[in-house]
Amino acid sequence: MKKVLSIAGSDCSGGAGIQADLKTFSALGVFGMSVIVSVVAENTCRVLAIEDISPAMIRRQLDAVFEDITPDAVKIGMLSTPACMQAVSEKLLVYQPKNVVIDPVMTAKNGCPLMNAESVKPLLTEIVPLADVVTPNIPEAEIMTGMKIHSLSDMAEAAKRIMTLGCRSVVIKGGHANGDAVDLFYDGKQFYPFKAKRINTKNTHGTGCTFSSAIAAQLAKDKELIDAVSDAKAYVTTAIEHSLNIGKGNGPTHHFYDLYRGKVTYDED
Ligand SMILES: Nc1ncnc2c1ncn2[C@@H]1O[C@H](COP(=O)(O)OP(=O)(O)O)[C@@H](O)[C@H]1O
Ligand SMILES: Cc1ncc(COP(=O)(O)OP(=O)(O)O)c(N)n1
């Protein structure tokens, strides 16, 4: 069975972060592992508190995984401080995992910051260059590039700027735009827009985590980047279509086993 590691924060309400990542991995038939970088006391309405795991403990968790198991892909989510980033980048440079997907999480849906301001620079210089694919939403892409994004051609310009940071490809997600949900994938040569009808729901907690984890799961299963992004877009769209009215705020995406049962392929190795 293919194995995928998530390096991210814990969402105790189960809709985003490590919890969304592991649910996505299971639904897509890969074995999920987790290195927890921060514990977030959050729910569908708000973030109450954040406690970062020490950099030493992040390093030990990474050693524990990599000395025993070789992940087929790695997804990186919330990294709140420069010290967390340094611990992760240092170990990934040592272990050199393949298929690294980086979701540069900066704020929760309710606007609460999940990454502090001094982390932008190390994100761009130490973390993004490790990525096979980086998946910012529009506000994150604006912060990464210093430009405003109002159109698909702005998304294309931002994608070009992000590629200069040294990643292999980028998908700018269109969840925060108006109209259809159009994500723009750029591999340094060509632009590929992935379009889905916008689903009229408030229950979109964890959409970014779900999408990036689904890309990692598909890359682990040896899909080409473009096919992994295409499949992940289909997966997240289904997960939003069937999202759950749990909690009083933005409910979570649903990792809809029944729809995926039968479509998932398991490897025996
Ligand atoms: N209401 C929606 N209908 C359909 N797709 C959506 C909707 N909201 C977000 N998406 C999709 O979910 C994925 C995550 O995007 P986005 O919500 O922008 O990320 P984030 O959670 O990081 O802010 C993207 O593929 C985006 O197009
Ligand atoms: C622990 C943790 N990590 C990431 C997020 C952000 O999740 P995301 O899927 O990008 O979007 P929202 O659900 O916040 O809209 C989080 N909230 N918590």
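**Exercise 1. Which element gives the most to the shell around ligand 1?**

Work through the surroundings of ligand 1 in this predicted model.

*Solution.*
- Step 1. Start with the residues. Ligand 1 has 18 residues around it, and Asn137, Gly175, Ala181, Ile199 and Gly208 come nearest.
- Step 2. Turn to the elements. β8 (181-186), α7 and α8 (225-241) each give two or more residues to this shell.
- Step 3. Pick the top contributor. With four residues, α8 gives the most.
- Step 4. Sort by class. The shell around ligand 1 holds six nonpolar, eight polar and four charged residues.

**Exercise 2. Describe the shell around ligand 2 in the same way.**

*Solution.*
- Step 1. Ligand 2 is surrounded by 19 residues. Those that come nearest are Gly9, Ala16, Gly17, Lys109 and Gly208.
- Step 2. At least two shell residues come from each of β1 (3-11), β2 (31-42) and α7 (207-220).
- Step 3. The top contributor to the shell around ligand 2 is β1, with four residues.
- Step 4. By class, the count for ligand 2 is eight nonpolar, eight polar and three charged.
- Step 5. Put the two ligands side by side. Gly208 is listed among the nearest residues for ligand 1 and again for ligand 2.

**Exercise 3. Is glutamine 19 buried or exposed?**

Place glutamine 19 in the fold, then decide.

*Solution.*
- Step 1. Locate the residue. Glutamine 19 sits in helix α1, which spans residues 17-27.
- Step 2. Count neighbours. Glutamine 19 has 21 C-beta neighbours inside 10 Å.
- Step 3. Apply the cut-off. A residue is buried at 20 or more such neighbours, so glutamine 19 counts as buried.
- Step 4. List contacts, skipping neighbours within four places in sequence. Glutamine 19 touches Ser10, Asp11 and Gly14.
- Step 5. Check one distance. Glycine 9 is 10 residues away along the chain, and its C-alpha atom is 8.8 Å from that of glutamine 19.

**Exercise 4. Why does the radius of gyration agree with a compact globule?**

Use the whole protein.

*Solution.*
- Step 1. Take the expected value. For 269 residues, a compact globule would have a radius of gyration near 18 Å.
- Step 2. Compare. The protein has 17 Å, so the two agree.
- Step 3. Add the box. Along the principal axes, the C-alpha atoms fill roughly 45 × 45 × 40 Å.
- Step 4. Add burial. Of the 269 residues, 51% are buried.
- Step 5. Add contacts. Among those between residues at least 6 apart in sequence, 70% join residues at least 24 apart.

**Exercise 5. How many helices and strands does the protein have?**

*Solution.*
- Step 1. The protein comes to nine helices and nine strands.
- Step 2. Consult the record. An unreviewed UniProt entry places "domain: Pyridoxamine kinase/Phosphomethylpyrimidine kinase" at residues 11-254.
- Step 3. Describe that stretch. Residues 11-254 are 39% helix and 18% strand, with the end C-alpha atoms 15 Å apart.

Notes
Residues numbered from 1 in each chain as written. Chains lettered and ligands numbered in written order. Predicted model: local features only at pLDDT ≥ 70, side-chain atom pairs only at ≥ 80, totals over all residues. Near = placed C-beta within 6 Å. Nonpolar A, V, L, I, M, F, W, Y, C, P; charged D, E, K, R; others polar. Buried ≥ 20, exposed ≤ 12 C-beta atoms within 10 Å, placed from the backbone. Contact = placed C-beta atoms within 7 Å. UniProt positions renumbered as here; feature names shortened; annotations may be inferred. Rg over C-alpha atoms; globule rule 2.2 N^0.38 Å.
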